[in-house]
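Please open the model in your viewer and keep the sequence panel beside it. The tour below proceeds by selections, each followed by what is to be found there.

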Amino acid sequence: MAVSGEEKIRGLIRLLPVARALKQDLEKALGMEVFSGARNMAAKSYEGLRQAAVALTDDPYLNALELEVFPTATDKEKTAIVALAAGQLLAYLEGQTGVGAASGGGNYHFSVQSAPNVNAVTLKNVDTRIAARLLGGEIEEEDSEEDDEKE
């Protein structure tokens, strides 16, 4: 049963931080690959949010946001599906309430470095002994032409 007016807007606004946190937490879990075992809880949390929004409004779009997860989906796949749905629900809530970027939404960006960055540098005309010292190693002395002439 849908509510009207100010009560509806206030109810939807109360769902915003929860939807934003769910979306961000799922994105972090996917980025850091720590989603194992959390997929059912994430799906339950999302469906609870969606049902709360349905109770506040009669918008048929919310029916389109119902989760459809294949039974054979892996933890990663299910987490990704819930993250996508949570993002869509968050966008819906922000659009209905007019609350978005001003409250921390919209421009959110999360990045995880899962592999080391390697920068290769080519040094030219550098004395190998100096380079070795700078890099914290030692270099074996090479036979030079002078040593060959002395023999």
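## A leucine to begin with

Select leucine 93, which has its place in helix H4, and bear in mind throughout that the model is predicted. With a relative accessibility of 1%, leucine 93 counts as buried, the cut-off for that class being under 20%. If residues up to four places away in sequence are left out, leucine 93 touches Leu12, Leu15, Leu16, Ala19 and Ala53. Now add arginine 20 to the selection: 73 residues separate arginine 20 from leucine 93 in sequence, while their C-alpha atoms are 9.9 Å apart in space.

## The whole chain

Zoom out and colour by secondary structure, and six helices and zero strands appear, so that the order of elements from the N terminus reads α-α-α-α-α-α. Of the 151 residues in the chain, 27% count as buried. Among contacts with a separation of 6 or more, 76% are between residues 24 or more positions apart.

## H1 against H4

Two packed helices are described by the angle between their axes and the distance between the axes. Select helix H1 (residues 5-32) together with helix H4 (residues 75-97), whose axes come within 8 Å and cross at roughly 150°. That angle makes H1 roughly antiparallel to H4, since the class takes in angles over 145 degrees. The crossing in which H1 passes H4 is left-handed. To display the contact, show the side chains on both helices: H1 contributes residues including Lys8, Ile9, Leu12, Leu15, Leu16, Ala19 and Arg20, and H4 contributes residues including Lys76, Thr79, Val82, Ala86, Leu90 and Leu93. Sorted by class, this contact of H1 with H4 comprises 15 nonpolar, four polar and five charged residues.

## H2 against H4

Keep H4 on screen and replace H1 by helix H2 (residues 39-56). H2 and H4 pack with their axes 9 Å apart and at an angle of about 20°, which makes H2 roughly parallel to H4. The crossing of H2 and H4 is left-handed. Here Arg39, Asn40, Ala42, Ala43, Tyr46, Leu49, Arg50 and Ala53 in H2 meet Asp75, Lys78, Thr79, Val82, Ala85, Ala86, Leu89 and Leu93 in H4. The residues of this contact divide into ten nonpolar, two polar and four charged.

## An arginine in H2

Centre the view on arginine 50, which lies in helix H2. Is arginine 50 buried or exposed? At 3% relative accessibility, arginine 50 counts as buried. Follow its side chain, and the backbone oxygen of leucine 62 is reached at 2.9 Å. Apart from neighbours within four places in sequence, arginine 50 is in contact with Leu62, Asn63, Leu65, Glu66 and Leu89.

## H1 against H2

For the last pair, select H1 and H2, whose axes come within 10 Å and cross at roughly 165°, and which are therefore roughly antiparallel to each other. H1 passes H2 in a left-handed crossing. On the H1 side, look for Lys8, Gly11, Leu12, Leu15, Val18, Ala19, Leu22 and Leu26, which meet Ala42, Ser45, Tyr46, Leu49, Ala52, Ala53 and Leu56 in H2. By class, the contact of H1 with H2 has twelve nonpolar, two polar and one charged residues.

Note on methods:
Residues are numbered from 1 along each chain as its sequence is written. This is a predicted model: local features need pLDDT of at least 70, side-chain atom pairs count only at pLDDT 80 or more; totals for chains, interfaces and linings use all residues. Side-chain values use heavy atoms; hydrogens and water are left out. Axes are lines fitted to C-alpha atoms, for helices over the stretch in contact, and angles run from 0 to 180 degrees between N-to-C directions. Helices (H or I, at least four residues) and strands (E, at least two) are DSSP runs, numbered from the N terminus. Angles under 35 degrees count as roughly parallel, over 145 as roughly antiparallel, 65 to 115 as roughly perpendicular and the rest as oblique. A crossing is left-handed if the near helix is turned anticlockwise from the far one by less than a right angle, and right-handed if clockwise. Contact means heavy atoms within 4.5 Å. Ala, Val, Leu, Ile, Met, Phe, Trp, Tyr, Cys and Pro count as nonpolar, Asp, Glu, Lys and Arg as charged, and the others, Gly among them, as polar. Buried means under 20% relative accessible area, exposed over 50%, partly exposed in between (1.4 Å probe, protein chains only). A polar contact is a pair of N or O atoms within 3.5 Å; within protein, one must be able to donate a hydrogen and the other to accept it, and residues adjacent in sequence count only if both atoms are side-chain atoms.
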